[in-house]
Amino acid sequence: MILEDSTSLVDIHSHLVPGVDDGARHVPGVLDAVERMAVLGIRRMITTPHIDASLTLMPERLEKRLDEVTKAWEKARDAIHTQFPEVEYRRGHEVLVDMPEPDLADPRIRLAGTSFVLLEWPRLQVPPGTPRVVRHICDEGYRPIIAHPERYAGMVHKRELLHQWKEAGARLQVNYGSLVGRYGSEAQAVAWRIIGLGLADYLASDFHGQSRLKIYQKEAWSEIEQRDGHEALDLLCRVNPSRVLEDLEPLPVPAVSAPSLLLQRFRGIMARRERSAERET
Ligand SMILES: [Fe+2]
């Protein structure tokens with residue numbers, strides 16, 4: 001293992017509540033995913049099914065949805081407790097910001113009931129005014145984390161927006177897979193830019209429990225480690241995500257230099273080849 005204390009890794013973004021979104025469908029699928037993550041050293045996780053921000057303004061529908069997610073989560077939690085007692089399985093949500101002023105008062109919407117809330121923009125596009133949305137959420141007393149900022153369309157041309165989000169009070173969570181080209185070359189380049197500027201606060205799997213797909217944690221680690229990124233890795237994968245569980249601000253993460261574009265492209269081609277091979281098997 002790469003990190004000294006690799007058993008204490010924490011993952012704050014995945015879709016492992018059975019049957020409630022596009023992630024794992026059944027409890028056995030969740031158990032399989034949890035086992036794979038545990039083998040990688042991830043023994044603490046906050047899993048984050050999708051929820052639309054607009055739902056937070058419809059009390060009855062929200063209650064129904066949170067109830068449905070809670071029941072499914074409890075079922076999986078009990079099975080995990082029996083089979084993998086060493087694994088801590090918490091829950092939150094990934095809030096799709098389809099309106100600018102969500103009501104985040106219910107702790108079940110937030111990460112493990114803390115003040116942190118994981119946000120994503122709709123349809124992998126960044127709508128206008130997102131720094132204002134971030135500021136509003138902070139003013140309400142919550143701590144927004146933007147999920148996979150590297151994945152939104154056109155981000156490769158929006159360097160300034162990364163700084164604007166941070167200045168508005170957002171923390172940034174990069175996906176492991178982005179660093180090795182899992183989501184294409186633009187997401188890969190932006191992921192490395194975020195790491196290279198020292199703007200990333202967390203790395204996470206965003207794992208949807210697909211049995212045939214990699215989690216990409218080992219691959220991303222190896223890339224960062226090769227660039228003398230030991231300290232950054234420890235902060236991004238262990239220290240800062242565990243601080244979420246304690247409701248504490250992330251610590252600053254040192255910048256890690258990006259691989260050359262040529263090397264990134266090579267890794268990206270390999271990752272995409274592997275993906276299509278995995279789909280065909
Ligand atoms: Fe996600």
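**An exposed loop glycine, the nonpolar core and helix α7**

Glycine 154 counts as exposed because it has 12 C-beta neighbours inside 10 Å, and a residue is classed as exposed if 12 or fewer such atoms surround its own. In this predicted model, glycine 154 is placed in the loop that runs between strand β7 (143–147) and helix α4 (159–168). Its C-alpha atom lies 21 Å from that of aspartate 201, a residue 47 positions away in sequence.

The largest nonpolar core comprises 80 residues, among which Val117, Ile145 and Leu236 touch the most other members. Helix α6 (residues 185–196) supplies the largest share of this core, namely seven residues. When neighbours within four places in sequence are set aside, the contacts of valine 117 are Val95, Leu104, Ile109, Arg110, Leu111, Ile137, Tyr142, Arg143, Pro144 and Ile145, so that Ile145, itself one of the three residues touching the most other core members, is among the contacts of valine 117.

Helix α7 (residues 217–226) contains the buried residues Gln217, Ala220, Trp221, Glu223 and Ile224. Viewed down the axis of α7, these buried residues fall within an arc of 160°, and they therefore line one face of the helix. The face turned away from this buried side carries Ser222 and Gln226, both of which are exposed. The cover over the buried residues of α7 includes α5 (176–179), β9 (202–204) and α8 (230–245). After α7 comes aspartate 228, which has a positive phi, near 60°.

Terms used. Residues are numbered from 1 along each chain as its sequence is written. This is a predicted model: local features need pLDDT of at least 70, side-chain atom pairs count only at pLDDT 80 or more; totals for chains, interfaces and linings use all residues. A residue is buried if 20 or more other C-beta atoms lie within 10 Å of its own, exposed if 12 or fewer, and partly exposed in between; C-beta atoms are placed from the backbone. Helices (H or I, at least four residues) and strands (E, at least two) are DSSP runs, numbered from the N terminus. The arc is that of the directions from the helix axis to the C-beta atoms. Two residues are in contact if their C-beta atoms, placed from the backbone, lie within 7 Å. A nonpolar core is a set of buried Ala, Val, Leu, Ile, Met, Phe, Trp, Tyr and Cys residues joined through C-beta atoms within 7 Å.
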